[in-house]
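Please read the sequence and the model side by side. The text below goes from the chain as a whole to single contacts.

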Amino acid sequence: MLAVRGAGAALRRAWLHGPGPRHGSSRANGGTGAGGDAWPVRGGAALGRPQHVVDLRSDTVTQPSEAMRRAMAQAAVGDDDYGEDPTVNELQHLAAKLLGMEDALFVPTATMANLIAVMCHCQRRGAQLLLGAGAHLHVYEHGGVAQVAGVHSQALQDLPDGTLDLEQLELAVREAHGSRYHPRPELVCLENTHSSAGGRALPLAHLQQVHQLAKRYGLRVHMDGARLLNAAVAQDVEPAQITQHCDSVSLCFSKGLGAPAGAVLAGRRAFVAEAWRVRKLLGGGMRQAGVLAAAARIGLEQAEATLRRDHSNARRFARGIQELKSPLCSVSLPAVETNMVMVAVPGGWPSPAELCAYMRAVSEEELAETGHAVSVLLFPWAAHTLRAVWHRDVSARDTELALNKLGFVARKCQERLALGLGPGPPSAAGH
């Protein structure tokens with residue numbers, strides 16, 4: 001069970017409901033089928049009803065809840081660059097307690113938090129950072145550790161569950177320590193949950209082994225914990241049981257926790273003091289940041305109930321795909337541990353991008369056959385994979401509507417293939 005200790009706060013256990021359907025979204029009013037054929041799309045008015053949009057592209061697309069908006073409007077604020085914003089100070093204190101660290105620093109983004117951590121741990125230019133080849137810090141943060149910090153990254157192959165091969169990790173460290181030609185490794189970075197692995201939670205035993213290995217060679221461990229609380233909920237442990245194996249950790253408030261912005265970087269008190277200086281260098285010093293911290297505080301308080309619901313909905317979607325038994329898409333149910341579902345799309349047509357386009361578009365045939373006008377937004381992740389991510393704005397009903405839409409699209413694609421018609425808009429099958 002998660003618990004925020006201090007100031008009488010506790011993560012409330014209650015099922016949360018999103019803000020309801022978003023109607024008339026321009027993102028849902030168009031799409032292109034395979035082979036250049038246009039999906040027969042109609043606007044909500046032309047279909048006689050508004051479209052219902054289910055946005056599963058990422059957990060970053062959430063809208064601030066009414067409670068967050070009220071907290072932002074009412075937040076007590078001060079100049080955080082002077083350390084005088086009471087709402088930021090309270091959030092930092094609560095986050096440090098939750099994460100089992102001595103101190104924490106509020107920053108605009110988790111990307112900045114990760115960069116600050118690397119700069120604090122690797123103060124010598126040319127130092128080496130070891131991390132997984134699919135890690136967010138390595139792939140999606142524009143090489144900031146090299147561009148800004150002058151730190152060399154050595155990317156190791158991730159295992160399918162997001163862990164590192166410990167033998168390969170130790171070999172890389174030993175080779176560097178045994179040669180005056182290699183960069184000297186100073187830091188190991190882990191990502192938990194691991195986004196590219198489909199939101200997998202790193203096993204506690206693996207974290208302990210990595211930390212012990214790092215200590216043996218004098219290295220430190222930083223955890224990109226953007227979705228750390230998803231891992232804690234999935235493993236039914238306190239976040240501090242995870243972070244005890246790290247020297248520092250970042251936590252994002254604008255992903256699964258649903259806040260509009262913000263993250264924290266936590267560690268020892270001296271580390272956070274240095275992190276404050278680096279935050280200033282990077283332009284991350286903010287003034288009346290309590291308006292952001294107030295929303296983050298609400299997200300933190302409601303985290304356990306929100307994330308448990310997200311995980312449940314993601315598993316329901318994964319089971320539904322299995323029940324479809326469609327040759328066009330499949331999912332590994334054991335790999336669905338948190339709020340992400342990686343859907344395998346093995347065939348040549350439709351590709352993940354084409355399937356995403358069909359799921360986004362709405363046709364008159366769909367409305368006549370299913371009784372719903374639903375636009376589902378998904379992310380084409382790789383050549384044979386698309387990704388769906390659950391968050392606080394996606395309800396159990398939204399999940400069922402997304403499943404129904406996938407069933408409709410898959411059925412129409414199969415009908416067209418069976419008729420030998422080749423690529424084209426699924427709703428044209430049989431015509």
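What follows covers the overall make-up of the chain, one helix pair, several salt bridges and one buried residue.

The model is predicted. Its protein chain contains 15 helices and 13 strands. Of the 431 residues in the protein chain, 56% are buried. Among contacts in the chain with a separation of 6 or more, 75% are between residues 24 or more positions apart.

Take the helix pair next. Helix α13, residues 352–360, packs against helix α15, residues 396–418, at an angle of about 120°, and their axes are 10 Å apart. That angle makes α13 oblique to α15, since the perpendicular class covers 65 to 115 degrees and the roughly antiparallel class starts over 145. The crossing of α13 past α15 is right-handed. On the α13 side, the residues that meet α15 are Leu-355, Tyr-358 and Met-359. Their partners in α15 are Ala-402, Lys-405, Leu-406, Val-409 and Cys-413. By class, the residues of this contact comprise 7 nonpolar, no polar and 1 charged.

Helix α15 also takes part in a salt bridge. Glu-365 and Lys-412 are joined through their side chains, at 2.9 Å from N to O. Because Glu-365 belongs to helix α14 (residues 364–370) and Lys-412 to helix α15, this salt bridge ties together parts of the chain that are 47 residues apart in sequence. Lys-412 has a relative accessibility of 6% and therefore counts as buried, the limit being under 20%. The pair is not isolated: a network of salt bridges links Glu-365, Glu-369, Arg-411, Lys-412 and Glu-415.

Over the whole structure, a search finds 24 salt bridges. Two of them involve the loop between α1 and α2. In one, Asp-79 pairs with Arg-287, and the closest N and O atoms are 3.2 Å apart. Asp-79 sits in the loop between α1 (66–74) and α2 (86–99), while Arg-287 sits in the loop between α10 (269–281) and α11 (290–301), so that the salt bridge links distant parts of the chain, 208 residues apart. Is each partner buried or partly exposed? Asp-79 is buried, because its relative accessible area is 14%. Arg-287 has a relative accessibility of 38% and therefore counts as partly exposed.

In the other, Lys-280 pairs with Asp-81, with 2.5 Å between the closest N and O atoms. Lys-280 lies in helix α10 and Asp-81 in the loop between α1 and α2, and these distant parts of the chain are 199 residues apart. Here Lys-280 is partly exposed, because its relative accessible area is 38%. Asp-81 has a relative accessible area of 10% and is therefore buried.

The last stop is a residue with no charge. Ala-231 is part of helix α8, which spans residues 228–235. Its relative accessible area is 0%, so Ala-231 is buried. Which residues does Ala-231 contact, leaving aside its neighbours within four places in sequence? They are Asn-192, Thr-193, Ala-201 and Ile-242. For one of these, Thr-193, the C-alpha to C-alpha distance to Ala-231 is 5.7 Å, although the two residues are 38 residues apart in sequence.

Key. Residues numbered from 1 in each chain as written. Predicted model: local features only at pLDDT ≥ 70, side-chain atom pairs only at ≥ 80, totals over all residues. Heavy atoms only, no water. Axes fitted to C-alpha atoms, helices over the stretch in contact; angles between N-to-C directions. Helix = DSSP H or I, 4+ residues; strand = E, 2+ residues; numbered from the N terminus. Parallel < 35°, antiparallel > 145°, perpendicular 65-115°, else oblique. Left-handed = near helix turned anticlockwise from the far one by under 90°. Contact = heavy atoms within 4.5 Å. Nonpolar A, V, L, I, M, F, W, Y, C, P; charged D, E, K, R; others polar. Salt bridge = Lys/Arg side-chain N within 4 Å of Asp/Glu carboxyl O. Buried < 20%, exposed > 50% of the residue type's maximum accessible area, 1.4 Å probe, protein only.
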